[in-house]
Amino acid sequence: MSDKETFWLGIDCGGTYLKAGLYDANGREHGINRQSLQTTSPLPGYAERDMHQLWQQCAATIAGLLQHAGVSGEQIQGVGISAQGKGLFLLDKQEQPLGNAILSSDRRAMDIVQRWQQDGIPEKLYPVTRQTLWTGHPASLLRWIKENEPQRYAQIGCVLMGHDYLRWCLTGVKGCEESNISESNLYNMTRGQYDPQLTRWLDISDIDNALPPIVGSAEIGGAITAEAAALTGLAAGTPVVGGLFDVVSTALCAGIEDEFTLNAVMGTWAVTSGITQGLRDHEAHPYVYGRYVNDGQYIVHEASPTSSGNLEWFTAQWGTLSFAEINQAVASLPKAGSELFFLPFLYGSNAGLEMNSGFYGIQALHTRAHLLQAVYEGVIFSHMTHINRMRERFTQARTLRVTGGPAHSDVWMQMLADVSGLCIELPQVEETGCFGAALAARVGTGVYRNFSDAQRSVQHPVRTLLPDMTAHERYQHKYHHYQNLISALQGYHARIKEHAL
């Protein structure tokens, strides 16, 4: 490899792994390095991450990638970061991490969200923010800290999200990237800026001065500091762009650019996204909108933390099982062949805040394979909640492009095709977060005029799976039973709540 060849670095900070990828001027991958990330749960419903440790792991991942690839820091032309959305990464007034980061899957603020729902706050917020209220929103978590940790709240110097924090570690410059902060309930979607009216409604206006400037996805948000250079092997002065919310990064890599194709992301979160021009009013559902990377475009999505993270938890309880073994076990059973159900609500629910996870219908005849099949089905059924709602919004969509870990399983993807009745397309992009982040860096450093040009210049091959319509009929029958089970449990929780009152 020539020492004159140039590269762009993409960092992806997800729920389970931190990854760094190296890409040349033609978008070819020249190496990926990854480290697993630890999520701590000091109390039920908590999901936290040590901010000091996260930065150390990020620096080590970058340094390891450069060393393994035989690339010097001077060859890197730009850096981009993709990360999970929402959550809360705080700096204190001395610009030091203020406690652990709180992740988007955290549920400690549930009582606050329920109180806001009773007070009609979501109805006030939605026309302005185009967000539903969720326990993992920065707004919800800030209010929780104000009520439960007032001393910590008083020390807040800067409010950030995941990639904002890592960009600050790399550059020393504070900022909130637009595609991510636009989904915080702190941002006015029409005006494209923070709105102090929102923090007044949420009774957290004390933090207005702690909100840093908004940075565009491809806008250069700072440069590598000498301190970060010493830790990472990057060259001081290398530009770092704003970066991307990982859902936006995935949509870019999946080639989503119009209203004819939807993108499903299967990871910790179940997400279905589409791209549209402008905002719409009076829609069938309170769809979540976010700023997209192209002028005038928005990403529209439905999401809940109900996807493949459930499988990771399940297999951890059974001991280590390879993905190949899991797929073989599921494939060995008839499609929709049992009345065993799994509710994939370990980290949250799309059927009500009170809903929890569990199996229903277990009998002595059921084996581990049946349980694994039920997990696969439950995750797909939960995705269908979002897919069906999105198809009401994107009525011309007939194709679903899928990304995330489960996209590597033909068994799971065929199940999604069979349940949905849709054509499933699988873009052959190994690391969408890293690639999308590097793409943002290439736009920001002038390789492309804009993201549209970048997307057209990088075409990934796509594999296609068609639905088995006989299996589709059987799955529709089971999916209907799943919906009935959800409805019955919602009634149970309603009666419990009435009794408590």
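Helices of at least four residues and strands of at least two are taken here as DSSP runs, numbered from the N terminus. In this predicted model, Lys86 falls in the loop that joins strand S5 (76-83) to strand S6 (89-92).

## Annotated domains

The UniProt record, an unreviewed entry, places the feature "domain: Carbohydrate kinase FGGY N-terminal" at residues 8-253. In the model the end C-alpha atoms of that span lie 16 Å apart, and its content is 36% helix and 24% strand. For the feature "domain: Carbohydrate kinase FGGY C-terminal", also from an unreviewed entry, UniProt lists residues 262-443; here the end C-alpha atoms lie 24 Å apart, and the span is 37% helix and 23% strand.

## Backbone with positive phi

Residues with a positive phi are described next. Lys86, whose loop was introduced above, is a residue other than glycine with a positive phi near 60°. Lys86 has a relative accessibility of 13% and therefore counts as buried, since the cut-off for burial is under 20% relative accessible area. Asn185 also is not a glycine, yet has a positive phi of about 70°; it sits in the loop between helix H7 (178-181) and strand S10. With a relative accessible area of 0%, Asn185 is buried. Arg130, just after helix H3, takes a positive phi of about 60°.

## Helices H2 and H3

Helix H3 covers residues 121-129, and its buried residues are Ile121, Pro122, Leu125, Tyr126, Val128 and Thr129. These buried residues pack against helix H2 (110-118), strand S10 (187-188), helix H8 (196-201) and strand S18. Within H2 is found Gln114, which counts as buried because its relative accessibility is 18%. When residues up to four places away in sequence are left aside, Gln114 touches Leu353 and Glu354.

## The seven-stranded sheet

Strand S18, against which H3 packs, also belongs to an open sheet of seven strands, ordered S18-S19-S17-S16-S22-S23-S24 and with mixed pairing. Its edge strands are S18 (288-291) and S24 (462-465), each of which pairs on one side only, and the twist from one strand to the next averages 30°. Strands of a sheet pair through backbone hydrogen bonds, either parallel or antiparallel. Two of the pairings in this sheet are set out below.

| Strand pair | Sense | Bridges |
|---|---|---|
| S18 and S19 (residues 297-304) | antiparallel | four |
| S22 (residues 399-404) and S23 | parallel | three |

At the level of single residues, Arg291 stands opposite Tyr298 in S19, while Arg401 stands opposite Glu425 in S23. Strand S23 (residues 423-427) is mostly covered, with five of its five residues buried. The covering applies to both faces of S23: Cys423, Glu425 and Pro427 are buried on one side, and Ile424 and Leu426 are buried on the other. Glu425, the partner that Arg401 faces, is thus among the buried residues of the strand.

## The contact of H12 with H14

Two packed helices are described by the angle between their axes and the distance between the axes. For helix H12 (residues 323-331) and helix H14 (residues 410-420), the axes come within 9 Å and cross at roughly 45°. The two helices are therefore oblique to each other. On the H12 side the contact is made by Phe323, Asn327, Val330 and Ala331, and on the H14 side by Val411, Trp412 and Met415. Sorted by class, the residues of this contact are six nonpolar, one polar and no charged.

## His472 in helix H17

His472 has its place in helix H17, which runs over residues 469-500. At 15% relative accessibility, His472 counts as buried, because burial requires a value under 20%. Not counting residues up to four places away in sequence, the residues that His472 touches are Asp418, Val419, Ser420 and Gly421. A further pair involves Gln57: His472 and Gln57 are 415 residues apart in sequence, and their C-alpha atoms are 44 Å apart in space.

Notes:
Residues numbered from 1 in each chain as written. Predicted model: local features only at pLDDT ≥ 70, side-chain atom pairs only at ≥ 80, totals over all residues. Heavy atoms only, no water. UniProt positions renumbered as here; feature names shortened; annotations may be inferred. Buried < 20%, exposed > 50% of the residue type's maximum accessible area, 1.4 Å probe, protein only. Contact = heavy atoms within 4.5 Å. Axes fitted to C-alpha atoms, helices over the stretch in contact; angles between N-to-C directions. Parallel < 35°, antiparallel > 145°, perpendicular 65-115°, else oblique. Nonpolar A, V, L, I, M, F, W, Y, C, P; charged D, E, K, R; others polar. Pairing = 2+ DSSP bridges.
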